[in-house]
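Visitor: I'm new to this one, and I'd like a close look at a single part rather than a tour of everything. Could you pick a sheet and walk me through what surrounds it?

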Amino acid sequence: MNDNKLLYGKKLADAIFEYVANNVERFKTEGISPRLVTIQVGEDQASQVYLASQMRSAEKVGIKSELVSLPESASQSTVEKTIEQMNNDSTIHGIMLHMPLPDHLDGQILQWKIDGRKDVEGVTPSNLGRLFLGKPRLAPCTALSAIELIKSTGVKLRGLEATVVGRSDIAGKPVGVMLTNLDCTVTICHSGTSESGMLKNHIELADILVVSVGKPNFVSGDWIKPGAIVIDVGINYVDGKLVGDVEFEEAVKRAKFITPVPGGVGGVTVAYLFKNLIDAIIWQNELGGIA
């Protein structure tokens with residue numbers, strides 16, 4: 001295997017973490033202590049591991065990362081009031097609502113309650129609207145990671161055929177918008193594409209393929225167009241091993257560039273979360289802070 005074709009995320013993530021650490025140091029000289037709060041409703045072991053890792057990463061770059069845990073039985077109004085309190089607390093600069101939520105809660109409505117200037121995940125209507133209009137301030141971290149890894153290849157993107165598999169609000173849809181803004185010709189595939197039997201056809205045409213469906217080895221490696229850029233956003237556990245949404249062993253033989261799982265998109269996504277916090281603070285200060 002040619003390691004030059006593997007798009008490891010570490011170099012990009014390290015550069016972002018350095019940017020974050022330098023700005024945290026600058027903010028602290030100005031009397032600002034960057035603070036990120038994550039709201040979790042209910043508990044599960046996988047979430048605890050992820051959140052603990054996030055908090056350790058934050059500590060390394062000087063960010064105060066806190067977890068507010070609400071019981072699984074918390075009502076919609078209780079979570080909304082918690083978010084409102086954080087919106088009105090000027091010492092809190094970034095707010096995350098950890099997903100998934102218990103079934104009785106409307107996660108989309110709750111995310112939309114977050115002040116757009118504190119929305120470090122880039123999921124509020126105001127931030128997604130800015131992205132759609134080509135004027136982003138805080139964009140979804142996973143989508144940012146995928147796009148920056150594509151750009152890191154140095155390949156001229158204008159006019160390339162791009163296929164995005166998955167249409168989530170934090171990955172597929174925003175990646176499609178970003179690739180369109182980079183003058184790619186974009187096709188977004190979803191469950192209807194699979195049901196019509198056309199998924200393989202669209203993937204075989206793709207100069208750029210981004211897959212985010214959360215199903216192990218969902219895309220067969222022999223569907224990959226020779227010379228394609230493949231960004232595998234998926235993280236799945238199979239027999240105690242992390243694998244992506246793309247059948248890697250065959251895909252790596254055909255792709256010009258491909259992200260490994262693990263080691264590709266994931267680490268960059270965490271870095272962009274903290275970069276979004278820095279950019280949120282800059283935005284808040286431009287507007288005189290948040291009362």
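Guide: Let's start with a pair of residues: Val-41 stands opposite Leu-70 in S2. Keep in mind as we go that this is a predicted model. The two strands behind that pair are S1 and S2, which run parallel and are joined by 7 bridges. S1 covers residues 35-41 and S2 covers 64-70.

Now turn to S3, residues 94-97. S1 pairs with S3 as well, again in the parallel sense, this time over 4 bridges. Here you can look for Leu-36, which stands opposite Gly-94 in S3. Put these pairings together and you have an open sheet of 3 strands, in the order S2-S1-S3, with parallel pairing. S2 and S3 stand at the edges with a single partner strand each, so one side of each has no neighbour in the sheet. From one strand to the next, the twist averages 20 degrees.

Stay with S3 for a moment and check where its residues point. In a regular strand, side chains alternate between the two faces of the sheet. In S3, Gly-94 and Met-96 point one way, while Ile-95 and Leu-97 point the other way. Every one of these four is buried.

So what lies against this sheet? One helix to find is H3, which lies across S1, S2 and S3 and runs at about 175 degrees to S1. H3 takes in residues 76-87, 12 residues in total, and it reaches 16 Å from its first C-alpha to its last, close to the 16 Å expected at 1.5 Å a residue. Its buried residues are Val-79, Thr-82, Ile-83, Met-86 and Asn-87. Look down the axis of H3 and those buried residues fall within an arc of 140 degrees, so they line one face of the helix. There's a simple rule behind such patterns: an α-helix has 3.6 residues a turn, so residues three or four places apart point the same way. On the other side of H3 you'll find Lys-81 and Gln-85, both exposed. As for what covers the buried residues of H3, the list includes S1, S2 and S3, plus helix H4 (107-112).

Another helix to find is H11, residues 265-286. H11 lies across S1 and S3, and it runs at about 125 degrees to S1. While you're on H11, pick out Asp-279, one of its residues. Is Asp-279 buried or exposed? It counts as buried, because its relative accessibility is 17% and the cut-off for buried is under 20%. Leaving aside neighbours within four places in sequence, Asp-279 is in contact with Tyr-19 and Leu-138.

Finally, zoom out to see where this part sits in the chain. The domain assignment gives domain 1 as 32-116 and domain 2 as 141-267. The C-alpha centres of these two domains lie 29 Å apart. If you want a next stop, there's another open sheet, with 5 strands in the order S5-S4-S6-S7-S10 and parallel pairing. At its edges are S5 and strand S10 (257-258), each pairing on one side only.

Conventions:
Residues are numbered from 1 along each chain as its sequence is written. This is a predicted model: local features need pLDDT of at least 70, side-chain atom pairs count only at pLDDT 80 or more; totals for chains, interfaces and linings use all residues. Side-chain values use heavy atoms; hydrogens and water are left out. Domain bounds come from an automatic or database domain assignment. The expected span of a helix is 1.5 Å times one less than its number of residues. Buried means under 20% relative accessible area, exposed over 50%, partly exposed in between (1.4 Å probe, protein chains only). The arc is that of the directions from the helix axis to the C-beta atoms. Contact means heavy atoms within 4.5 Å. Two strands pair if DSSP finds at least two bridges between them. Axes are lines fitted to C-alpha atoms, for helices over the stretch in contact, and angles run from 0 to 180 degrees between N-to-C directions.
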